[in-house]
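Reader: I like to know what stands behind the words in a structural description. Could you take me through the terms for this one?

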Amino acid sequence: MTLNNIFQFFVPKDKKFFPLFEQASANLILLAETLHEAVNAPKDEREDYFKKIDELEANIEEITYNTNIELSKNFITPFDREDIHSLIKSMEDVADYMQGASSRIRLYQVDKITKSIRKLTEINLEACQLIGISIIELKKMNHKIIKETCIKINKLESKADVVFDKAVADIFENENDAKNIIKYKEVLSALESASDKCKNVSNIMEQISVKHS
């Protein structure tokens, strides 16, 4: 057992870092919800959603910064320092790609939202909700629930790959305008990358759980 593992029994696990993880996951879920609402809203109502997404992504960036500050200030941490950094950074990555999809829809003026785009935002929302559950269980080191939620996130990532591949194939088969092909592929790629990053979050949480089992 490492010195850090010994000390962690005498330090409240949620004193510094777990509140930050929970803030990040709460903002991540809200961002995913807002993006899903945006792609289901009429074109002339999307701007407010896009602004909110930008704000939420900025919130998560600030939480990541604050987490790294706490890492520099605190000798004792609830688990390995590199795992803390990886976990908060991986959640920020999810937010970055979802905000990237939002930004592309806005900048490229993607008027018609396809079923595939809506499906991918739905998948990402479900994955982010599962991340939120796992973060709460990570504080209690509930290994069974963490493993179950991580398996579900991995299945969602595989589902997103299938949706993405089919959507890209459909674009190339049915879309004649090269500009539209680029627009839709960029949006779909950002959403599919967000699901990949959700899987990264789940892998990190599972690794932390295994280390402390």
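Reader: What makes the largest nonpolar core a nonpolar core, and which of its residues touch the most other members?

Author: A nonpolar core is a set of buried Ala, Val, Leu, Ile, Met, Phe, Trp, Tyr and Cys residues joined through side-chain atoms within 4.5 Å. The largest one here has 63 residues, and Phe21, Leu87 and Met91 touch the most other members. At least two residues of this core come from each of α2 (17–39), α3 (46–73), α4 (81–107), α5 (115–140), α6 (143–174) and α7 (178–211). The helices are DSSP runs (H or I, at least four residues), numbered from the N terminus, as are strands (E, at least two). This is a predicted model, in which local features need pLDDT of at least 70 and side-chain atom pairs count only at pLDDT 80 or more, while totals for chains, interfaces and linings use all residues. Residues are numbered from 1 along each chain as its sequence is written, and side-chain values use heavy atoms, with hydrogens and water left out.

Reader: Which residues is phenylalanine 21 in contact with, leaving aside neighbours within four places in sequence?

Author: Contact means heavy atoms within 4.5 Å. By that rule, phenylalanine 21 is in contact with Phe79, Ile84, Leu87, Ile88, Met91 and Ile135.

Reader: Why are α2 and α4 called roughly parallel or antiparallel?

Author: Angles run from 0 to 180 degrees between N-to-C directions, using axes fitted to C-alpha atoms over the stretch in contact. Under 35 degrees counts as roughly parallel, over 145 as roughly antiparallel, 65 to 115 as roughly perpendicular and the rest as oblique. α2 and α4 pack at about 20 degrees, with axes 10 Å apart, so α2 is roughly parallel to α4. Among the residues making the contact are Phe21 and Leu28 of α2 and Leu87 and Met91 of α4.

Reader: And what makes the pair α4 and α7 parallel or antiparallel?

Author: Their axes come within 8 Å and cross at roughly 165 degrees. That angle is over 145, so α4 and α7 are roughly antiparallel. α4 passes α7 in a left-handed crossing; the term is used if the near helix is turned anticlockwise from the far one by less than a right angle, and right-handed if clockwise.

Reader: How do you know how the reach of α4 compares with the expected span?

Author: The expected span is 1.5 Å times one less than the number of residues. α4 has 27 residues and reaches 38 Å from its first C-alpha to its last, close to the 39 Å expected.

Reader: Why is glutamine 109 called buried or exposed?

Author: Buried means under 20% relative accessible area, exposed over 50%, and partly exposed in between (1.4 Å probe, protein chains only). Glutamine 109 has 59% relative accessibility, so this residue counts as exposed. Glutamine 109 lies in the loop between α4 and α5, and its phi is near 55 degrees, a positive value in a residue other than glycine.

Reader: What makes methionine 141 buried or exposed?

Author: Methionine 141 is at 12% relative accessibility and therefore counts as buried. Methionine 141 lies in the loop between α5 and α6, with a positive phi near 50 degrees.

Reader: What are aspartate 96 and lysine 183 called on that scale?

Author: Aspartate 96, in helix α4, is partly exposed because its relative accessible area is 27%. Aspartate 96 touches Glu57 and Glu61, not counting residues up to four places away in sequence. Lysine 183, in helix α7, is at 23% and so counts as partly exposed. Leaving aside neighbours within four places in sequence, lysine 183 is in contact with Tyr108, Gln109 and Val110.
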